[in-house]
Amino acid sequence: GLGCTGSATESRACGAGSCPVDCQWGSWGAWGSCTAECGGGTQAHSRTVTVAAQNGGADCNGASTAYQPCNTRACDTDCAYDAWGAWSTCTVTCGGGQQIHTRSSATCADSSEVRSCNTQVCSSDCQWNPWELWGSCSQDCDGGLQYRSRDVAAEAGADGAACLGSSSETRVCNTEGCRINCQWSAWSDWEACSATCGGGLQSHSRVVSVHPDNGGSACSGTSTE
């Protein structure tokens, strides 16, 4: 027989309607000028629709213009201030500082004034740098000397005091006695032989010329031979 003609599946277009698009606001603009300089005014800013609702999309929520209060302080003509308070202590004792005093008001914000103070030049005294480390001792024992020094870090300014003291110092060091070892004198000449023949003896001697001290070693050996 004959085979089947045509395809096993077929398709058709559907959902041809456009998708819904929701409304979208643009960013808020800058705040406008206040309607009053004091006593309370208003200022506004606005925004516009950047994408309009389409195809059944949701409308934008909220208003296109917003308002806020501004310059709420009382106008100067309405202010009643108390007397000025005492000036504060200057922020520095010399070289130029500041003082402030204030006054309060039941109807307005408190106000303040600032003025310069203690503008005279600061007097700077001479200043030393720290001492350097002590140098090596000039001797290992029996007392030597060590030295150290320092430099001027800042010279005296106008009306400043000069540096007191010396730029160098000396101290005694290694005061313990030196170690002295025992020392023999030279051997004396040999004495006469105890016999003229047949075998005799002769001797010579030595004495300690330097005695040990401060832990020095004793002499070794004998004083005669």
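1. At 13% relative accessibility, H45 counts as buried (buried is under 20% relative accessible area, exposed over 50%, partly exposed in between, with a 1.4 Å probe and protein chains only). H45 sits in strand β2, residues 41–46. Strands here are DSSP runs of E with at least two residues, helices are runs of H or I with at least four, and both are numbered from the N terminus. The side chain of H45 has a polar atom 3.1 Å from the backbone oxygen of G29. Beyond its neighbours within four places in sequence, H45 is in contact with W28, G29, A30, W31, S64, T65 and A66. Contact means heavy atoms within 4.5 Å.

2. A word on the source. This is a predicted model, in which local features need pLDDT of at least 70 and side-chain atom pairs count only at pLDDT 80 or more, while totals for chains, interfaces and linings use all residues. Residues are numbered from 1 along each chain as its sequence is written, and side-chain values use heavy atoms, with hydrogens and water left out.

3. Now the overall form. The protein has zero helices and 12 strands. Its radius of gyration is 54 Å, well over the 17 Å that the globule rule gives for 225 residues, so the protein is more spread out than a compact globule. That radius is taken over C-alpha atoms, and the rule is 2.2 Å times the number of residues to the power 0.38. The C-alpha trace spans about 160 × 115 × 25 Å along its principal axes. One pair illustrates the spread: the C-alpha atoms of S105 and S203 are separated by 122 Å, with their positions 98 residues apart along the chain.

4. Burial and surface come next. Buried residues make up 14% of the 225 residues. The protein exposes about 16600 Å², and carbon and sulfur atoms supply 49% of that area. Areas come from the Shrake-Rupley method with a 1.4 Å probe; for residues, only the protein chains shown count as cover. Among contacts with a separation of 6 or more, 56% are between residues 24 or more positions apart.

5. H101 is a second histidine to check. H101 lies in strand β5, residues 97–103. It is buried, with a relative accessible area of 8%. The side chains of H101 and E113 share a polar contact of 2.8 Å. Such a contact is a pair of N or O atoms within 3.5 Å; within protein, one must be able to donate a hydrogen and the other to accept it, and residues adjacent in sequence count only if both atoms are side-chain atoms. A polar atom of the H101 side chain also lies 3.2 Å from the backbone oxygen of G85. Not counting residues up to four places away in sequence, H101 touches W84, G85, A86, W87, S111, S112 and E113.

6. The whole structure yields one salt bridge (a side-chain nitrogen of Lys or Arg within 4 Å of a carboxyl oxygen of Asp or Glu). The partners are E169 and R148, with their closest N and O atoms 2.7 Å apart. The pair links distant parts of the chain: E169 is in strand β10 and R148 in strand β8, 21 residues apart. E169 is partly exposed at 29% relative accessible area. R148 is partly exposed too, at 21%.

7. The structure holds seven disulfides, each a pair of cysteine sulfur atoms within 2.5 Å. One of them joins C34 to C70, S to S 1.9 Å. This link joins distant parts of the chain, with C34 in the loop between β1 and β2 and C70 in strand β4. C34 is partly exposed at 22% relative accessibility, whereas C70 is buried at 7%.

8. Two further disulfides merit a look. C90 and C117 have sulfur atoms 2.0 Å apart. Both C90 and C117 are buried. C141 pairs with C178, S to S 1.6 Å. The torsion about that S-S bond is about 95 degrees, so the C141 and C178 disulfide is right-handed.

9. C197 is a cysteine to look at separately. Its sulfur is 9.6 Å from the closest cysteine sulfur, in C193, too far for a bond. C197 is exposed, with a relative accessible area of 61%.

10. Backbone angles close the list. N118 has a positive phi near 45 degrees and is not glycine. N118 lies in the loop between β6 and β7. D142, also not a glycine, has a positive phi of about 65 degrees. D142 is in the loop between β7 and β8.
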